[in-house]
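Colleague: Please take one part of this model, the nonpolar core with its aromatic rings, and go through it closely. I would like the cut-offs behind each term as you go.

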Amino acid sequence: MINRVILTGRLTRDVDLRYTQGGSAVATFNLAVDRRFTNQQGEREADFVSCVIWRKSAENFANFFHKGSLVGIEGRIQTRNYENKQGQRVYVTEVIVDNFSFLEPKSSTGNGSYQNNRPQSNMSDPFANNAGNVDIQDDQLPF
């Protein structure tokens with residue numbers, strides 16, 4: 001079975017970084033991904049995709065990216081459900097991120113989120129659009 005997702009989009013808000021009771025970092029964010037086509041009014045619509053990233057990658061992601069940042073992610077789709085306080089079953093679909101890439105230089109975001117002398121990755125990068133991209137991969141993820 002194949003369950004791989006590759007998305008490029010912009011963060012809709014700042015990353016929400018939290019820690020589990022066991023001390024593991026977990027970050028959640030929403031990615032706005034433009035559709036390839038326009039609607040009947042000629043406007044381009046977007047999908048808003050919920051994403052989760054774990055451990056050191058979560059901390060790095062939260063430090064480097066902010067609302068409006070253009071990012072590439074790679075991961076897998078996960079579904080889960082739970083019962084809320086009102087006793088209703090809630091279903092959640094999200095992308096569990098295991099790789100991410102910078103897709104724009106620091107100057108275009110204006111948020112001072114990372115250095116221009118960031119390290120180069122020697123991994124194959126499907127999001128590469130300039131020599132300054134970085135892939136961060138966490139082999140410790142439980143996925």
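Modeller: What follows goes from the chain as a whole to the core, its rings and the strand pairing.

This is a predicted model, in which local features need pLDDT of at least 70 and side-chain atom pairs count only at pLDDT 80 or more, while totals for chains, interfaces and linings use all residues. Residues are numbered from 1 along each chain as its sequence is written, and side-chain values use heavy atoms, with hydrogens and water left out.

The chain has two helices and seven strands, taken as DSSP runs numbered from the N terminus (H or I over at least four residues for a helix, E over at least two for a strand), and along the sequence they follow the pattern β-β-β-β-α-β-β-α-β. Of its 143 residues, 38% count as buried, which is to say under 20% relative accessible area, where exposed is over 50% and partly exposed lies in between (1.4 Å probe, protein chains only). Among contacts (heavy atoms within 4.5 Å) with a separation of 6 or more, 58% join residues 24 or more positions apart.

The largest nonpolar core has 22 residues, and Phe29, Phe61 and Ile73 touch the most other members. Strands S1 (5–11), S3 (25–38), S4 (44–54), S5 (70–83) and S6 (89–102), together with helix H1 (55–64), each supply at least two residues of this core, and the largest share, five residues, comes from S3. Such a core is a set of buried Ala, Val, Leu, Ile, Met, Phe, Trp, Tyr and Cys residues joined through side-chain atoms within 4.5 Å. Once neighbours within four places in sequence are set aside, Phe61 is in contact with Leu11, Val15, Phe29, Ile53, Val71 and Phe100.

Phe61 and Phe100 return among the rings, since one aromatic cluster is formed by Phe29, Phe61, Phe64, Phe65, Phe100 and Phe102. The whole structure holds six aromatic pairs, where rings of Phe, Tyr and Trp (its six-membered ring) pair if their centres lie within 6.5 Å, with planes under 30 degrees apart counted as stacked, over 60 as edge-to-face and the rest as tilted. Phe65 and Phe100 make an edge-to-face pair, with 5.6 Å from centre to centre and 80° between the planes. This pair links distant parts of the chain, 35 residues apart, since Phe65 lies in the loop between H1 and S5 and Phe100 in strand S6. Both rings belong to buried residues, Phe65 with a relative accessible area of 2% and Phe100 with 1%.

Strand S6 also holds Asp98, which is buried at a relative accessible area of 16%. Its side chain makes a polar contact with the side chain of Arg4 at 3.1 Å, a term for N or O atoms within 3.5 Å of which, within protein, one must be able to donate a hydrogen and the other to accept it, and residues adjacent in sequence count only if both atoms are side-chain atoms.

Strand S3 also has several pairing partners, where pairing requires that DSSP find at least two bridges between two strands. It is antiparallel to S1 over two bridges, to S2 (residues 16–19) over four and to S4 over 10. Within S3, Ala32 stands opposite Arg10, while Val26 is the bridge partner of Arg18 and also stands opposite Trp54 in S4. The hairpin of S2 and S3 has five residues between the strands, with Gly23 at a positive phi near 95°, and the hairpin of S3 and S4 likewise has five, with Gly42 in the turn at a positive phi of about 80°.
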